[in-house]
Amino acid sequence: MPRLREKLSLLWLVQHPLVATCILLALTLLLPYTRVAERLKLVTFLPLAHAAPDVPQAEESGLSETERARRELLFERERVAQLAAENAALAAALAGARALAEPDPAFAAAVLPPAVPARVIFHGDASTWRHCLWINRGRAHGIVEFMPVVSGRTLIGRVYMAGDNHACVQLVTDPGFAASCVIVDPARPGAAARGVLRGNASARPHFPRLELEDVPLGDSVSAGQRVLTSDFSGQFPPGLNVGVVREVIPQAGFLQVRLEADLDLARLDVVQVLLHKRPELEAQALALLRRGKG
Amino acid sequence: MNAARAFLERTVAPRARWRLLLAAGLGLSALHALALPRLNLGEYTPDLFTLFALYVGLYASRQGRYWPSLVLGLVRDFFSLGLLGVYAVLYSLLHKAASRARTKLDPDSPLVAPLLAFGGVFAVNAGCHFLLAAGGAGVGWNAALGRAAATAAVTAPFAIAVFPLLHWVLARLGYVRSQGGFFNF
């Protein structure tokens with residue numbers, strides 16, 4: 001009995017750190033709803049979120065009129081350059097969307113939910129197996145977990161955890177990411193193949209190559225076709241760009257479809273978080289039933 | 001008598017251990033998150049964090065058992081999307097394995113160091129994928145093991161230069177190396 005008491009003491013755990021860590025790991029696995037570990041990680045990035053204000057602020061009292069005017073000019077130039085880059089990216093995304101909307105009116109009718117623009121404050125992950133970025137918007141701006149994150153009309157990822165004023169975005173290249181997608185052929189509207197996009201922990205996250213799983217063997221899929229999100233799971237709004245089919249490899253029963261993503265993820269400065277919530281299961285079932293009747 | 005003296009020297013109290021480990025952990029996290037991906041080396045990106053964890057397992061003071069590796073792993077976990085504790089467990093196991101290997105192999109040898117680095121980095125990356133797969137986010141074992149082997153192969157040669165460099169840095173910082181070969185950190 002004394003031996004048992006000794007084993008259960010805190011000192012015993014301190015002397016056996018591996019056991020303590022296994023308990024910690026088990027707690028993070030078994031108690032996902034408490035999200036203790038995620039909250040701790042959010043605290044780590046809190047200073048960074050505060051250190052990246054939207055508009056650069058500086059002491060103006062000591063500046064002369066000319067210095068102040070020069071500084072404002074510099075800020076304006078920087079802002080114009082940033083807006084021009086963003087405009088070019090959005091114009092490219094819009095052109096892609098129009099090209100797709102011509103053969104498929106349903107795509108054009110799909111309206112995106114309202115979005116919250118956010119600035120990327122940290123890009124990268126200490127592990128080579130995971131891919132994420134941090135943004136300077138959080139719960140205070142209406143962002144909650146699992147909301148889709150886009151740039152223009154291109155899917156970037158989803159909100160993984162959200163603090164009050166910052167959030168972590170799980171990128172499409174992360175192995176834990178999955179999204180229901182359709183492969184559309186502009187030449188043959190209506191004939192769309194379905195599949196599941198999964199991040200493959202691509203070691204080159206800047207120029208991601210993604211894979212689409214569970215595409216039936218009989219479906220006609222060829223290089224050059226576009227991949228868009230579908231609302232099959234309700235997690236993402238339909239019609240978000242994902243990428244272009246580059247290679248199709250027949251496997252046992254399924255096609256392995258390799259894609260090239262539309263965006264260079266490393267160059268992202270500004271992203272938009274779509275205020276889209278996954279519908280409740282009942283609402284989703286009703287929507288599917290209605291679509292079946294129609 | 002020599003054995004007793006070596007044992008006593010092994011138990012030299014560590015100096016500024018946590019400061020050193022936290023600084024190294026933060027620096028290596030920044031290197032892995034910000035600098036190394038920009039080189040766009042793909043699967044051949046070296047895993048310098050694990051190499052440092054192996055160094056800690058091989059040369060850190062034996063006092064406190066594998067807490068140093070665990071803390072180093074926790075630092076990496078904090079800057080990663082994965083579950084908190086993944087790298088902490090893996091680095092603790094690496095520490096234990098390195099301690100065992102040290103009794104049979106001389107890590108100061110330029111032939112042995114890359115071998116230990118290859119084994120350590122491969123095991124940690126394979127273990128990382130094992131934990132990913134356990135959480136339902138695996139990428140397939142063929143791809144994962146190939147990637148772990150590529151990462152280990154590119155990291156192993158770094159051990160020839162990095163281990164002596166770290167010995168030199170620690171000596172410059174005033175850390176003492178005991179007869180058993182352990183530094184007092």
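Biologist: Let's start with confidence: what is the mean pLDDT of chain B, and what share of its residues reach 70 or more?

Modeller: Chain B has a mean pLDDT of 86, and 94% of its residues reach 70 or more. As a general idea, pLDDT is the predictor's confidence in each residue, from 0 to 100. This is a predicted model, in which local features need pLDDT of at least 70 and side-chain atom pairs count only at pLDDT 80 or more, while totals for chains, interfaces and linings use all residues. Residues are numbered from 1 along each chain as its sequence is written, and chains are lettered from A and ligands numbered from 1 in the order in which they are written.

Biologist: Which elements of chain B have the lowest and the highest mean pLDDT?

Modeller: Helices (H or I, at least four residues) and strands (E, at least two) are DSSP runs, numbered from the N terminus. In chain B, helix H1 (residues 2-10) has the lowest mean pLDDT, 55, and H3(B) the highest, 93. For the complex, the predictor gives an ipTM of 0.82 and a pTM of 0.75.

Biologist: How many residues of each chain meet at the interface?

Modeller: In general, the size of an interface is often given as the accessible area lost when the parts come together. Here we count contacts instead: two residues are in contact if their C-beta atoms, placed from the backbone, lie within 7 Å. By that rule, 32 residues of chain A are in contact with 33 residues of chain B. On the chain A side, the elements giving two or more residues are helix H3 (17-30), helix H4 (36-44) and strand E5 (167-171). H3(A) gives the most, with eight residues.

Biologist: And what is the make-up of that side of chain A?

Modeller: Its residues divide into 17 nonpolar, ten polar and five charged. Ala, Val, Leu, Ile, Met, Phe, Trp, Tyr, Cys and Pro count as nonpolar, Asp, Glu, Lys and Arg as charged, and the others, Gly among them, as polar.

Biologist: Now the cores: which residues touch the most other members of the largest nonpolar core?

Modeller: A residue is buried if 20 or more other C-beta atoms lie within 10 Å of its own, exposed if 12 or fewer, and partly exposed in between, with C-beta atoms placed from the backbone. A nonpolar core is a set of buried Ala, Val, Leu, Ile, Met, Phe, Trp, Tyr and Cys residues joined through C-beta atoms within 7 Å. The largest one has 54 residues, and Leu54(B), Leu90(B), Tyr91(B) and Ala117(B) touch the most other members. H6(B) gives the most to this core, with nine residues. A second, separate core of 50 residues includes Leu42(A), Trp134(A), Ala261(A) and Val273(A).

Biologist: Is strand E12 of chain A mostly covered or mostly open, and which strands pair with E12(A)?

Modeller: E12(A), residues 270-274, is mostly covered, with four of its five residues buried. Two strands pair if DSSP finds at least two bridges between them. Strand E1 (residues 115-123) of chain A pairs with E12(A) in the antiparallel sense over five bridges, and Pro117(A) stands opposite Gln272(A). Strand E3 (residues 148-151) of chain A is also antiparallel to E12(A), over two bridges, with Val149(A) opposite Val273(A).

Biologist: Why does Ala140(A) count as exposed?

Modeller: Ala140(A) counts as exposed because it has 11 C-beta neighbours inside 10 Å. Ala140(A) sits in the loop between strand E2 (132-135) and E3 of chain A. Leaving aside neighbours within four places in sequence, Ala140(A) is in contact with Asp164(A) and Asn165(A).
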